[in-house]
Amino acid sequence: MERLHTDAAPPTVAPQAIGHLTRLFAMSPDLLAAAGFDGLLKHFNDAWEHQLGWSREELETRPYLEIVHPEDRADTEREIARLAAGETVTEYVCRVLCADGSLRWMAWSGGPGDEAFYIVGRDVSDRLAMEHELAQRAERLQDTNAELQDFAYTASHDLSEPLRMVASFLSLLDRRSAEQLDEAGRDYLRQALDGAGRMRHLIDDLLLYSRVANEEPRREQVDLNALVAEVLQVLGPSIAAERATIDVGRLPTLEAEPVQLAQLLQNLIGNAVKFHGADRPPTVRVTARRTIGGGVLTVADDGIGIADADQERIFAMFTRLHGHDRFAGTGIGLAICRRIAERHGGRIYVESSVGRGSAFHVLLPDAPAVPGTPRQV
Ligand SMILES: Nc1ncnc2c1ncn2[C@@H]1O[C@H](COP(=O)(O)OP(=O)(O)OP(=O)(O)O)[C@@H](O)[C@H]1O
Ligand SMILES: [Mg+2]
């Protein structure tokens with residue numbers, strides 16, 4: 001607690017300085033005053049009249065507590081008692097009554113003197129209204145987000161069951177009665193089965209997305225060498241089909257949720273294997289390094305590349321730059337990757353040039369240390 005009372009004499013002020021100080025006092029847009037412990041204002045500037053609408057005479061004769069909102073008077077008296085005890089007050093906010101019956105939120109700072117205390121008041125009504133509005137918007141946004149996530153989860157979950165039924169009857173039809181159909185009929189059936197398969201993928205990816213969105217990552221030390229090896233095993237069939245070469249450097253250990261990090265790597269490496277031109281099989285390079293307070297993970301390919309204009313939007317849900325006839329996919333993979341990176345407090349971005357290849361970088365900061373608990377290295 002700061003004590004301003006000292007035995008030192010007040011500083012002497014040159015006579016011409018008094019003139020300057022008086023002018024400044026009169027000009028201040030903030031409410032300035034020397035207020036007595038007897039409850040009356042002793043000396044105050046014009047801002048009091050301009051902002052609150054009371055006349056100078058009213059302000060001189062009415063106890064200042066009377067212009068404080070009745071509900072804030074007890075707190076205000078407590079702050080005045082602190083000033084009387086020699087303490088300083090900063091940013092004490094209370095409601096003040098104006099002559100026209102309106103209210104203003106004022107933030108007061110004050111310091112003690114011998115027969116009076118000194119106060120500066122600033123109107124913070126607009127600032128508080130804005131802060132309130134912002135807080136309300138943030139709350140509404142959070143509610144809407146939560147509702148949307150619930151909706152995505154419920155919708156994809158409930159769509160699963162009827163889809164399973166459609167897919168299993170289509171398969172039955174294919175196995176039992178396909179030969180009774182003519183060529184066109186068999187083609188319709190194949191397309192229906194293909195559509196059902198794509199829908200299955202879409203629903204699985206949507207469920208995965210909402211799960212990542214809803215669950216807080218439980219981080220641990222993840223040995224990337226082992227994790228990438230697992231992911232390459234899962235991707236084995238597509239790597240073989242595309243005759244891809246995957247070049248993996250020596251990888252460090254990173255702090256992350258292992259299942260989510262595997263999902264992220266699986267989509268990035270899967271994309272790198274998938275999006276290549278017809279002229280040569282893909283070569284993919286996976287590297288990572290530790291940085292101060294985290295790590296960077298990079299998956300680079302020599303594939304078809306991505307135009308500058310598309311490099312941001314590919315991370316949005318359902319964005320695909322090509323038709324199904326050229327590359328399969330639902331367009332959710334990178335949205336999941338972005339969610340995973342963000343849930344870890346990090347981010348993902350791409351550097352790419354068309355026809356030469358792409359490099360996806362993921363920045364993953366370590367979890368912030370909880371104060372008081374020693375950090376495990
Ligand atoms: N390595 C890459 N090279 C070129 N284009 C890419 C690459 N990775 C992603 N893209 C482009 O970004 C789009 C979105 O990628 P994303 O992984 O989200 O979807 P997808 O692979 O089409 O489907 P899935 O949801 O099955 O992953 C892709 O459709 C593709 O057009
Ligand atoms: Mg993908």
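## Exercises on a three-domain chain

The C-alpha centres of domain 1 and domain 3 lie 61 Å apart. Keep in mind that this is a predicted model, where local features need pLDDT of at least 70, side-chain atom pairs count only at pLDDT 80 or more, and totals for chains, interfaces and linings use all residues. Residues are numbered from 1 along each chain as its sequence is written, while chains are lettered from A and ligands numbered from 1 in the order in which they are written.

**Exercise 1.** Work out where the domains sit in the chain and how the chain's radius of gyration relates to that of a compact globule.

*Solution.* Start with the bounds, which come from an automatic or database domain assignment: domain 1 is 15-123, domain 2 is 139-214 and domain 3 is 220-377. Next, take the radius of gyration over C-alpha atoms; the globule rule is 2.2 Å times the number of residues to the power 0.38. For 377 residues a compact globule would come out near 21 Å, but the chain has 34 Å. Finally, check the box: along the principal axes, the C-alpha atoms fill roughly 105 × 45 × 40 Å.

**Exercise 2.** Find the largest nonpolar core and say why it lies between two domains.

*Solution.* First, the terms. A nonpolar core is a set of buried Ala, Val, Leu, Ile, Met, Phe, Trp, Tyr and Cys residues joined through C-beta atoms within 7 Å; buried means 20 or more other C-beta atoms within 10 Å of the residue's own, with C-beta atoms placed from the backbone. The largest core has 41 residues, and Leu265, Leu268, Ile269, Val299 and Cys337 touch the most other members. Helices (H or I, at least four residues) and strands (E, at least two) are DSSP runs, numbered from the N terminus. Elements giving at least two residues each include H6 (183-214), H9 (258-274) and S10 (294-301), with the largest share, seven residues, coming from H9. Domain 2 and domain 3 both give residues to this core, so it lies between them. A second, separate core of 16 residues includes Leu41, Trp48, Leu52 and Ile80.

**Exercise 3.** Describe what surrounds ligand 1.

*Solution.* Count a residue if its C-beta atom, placed from the backbone, lies within 6 Å of the ligand. That gives 22 residues, the closest being Asn271, Leu321, Gly329, Gly333 and Leu334. H9 and H10 each supply at least two residues of this shell. Now sort by class: nine are nonpolar, ten polar and three charged. Here Ala, Val, Leu, Ile, Met, Phe, Trp, Tyr, Cys and Pro count as nonpolar, Asp, Glu, Lys and Arg as charged, and the others, Gly among them, as polar.

Technical notes:
Buried ≥ 20, exposed ≤ 12 C-beta atoms within 10 Å, placed from the backbone.
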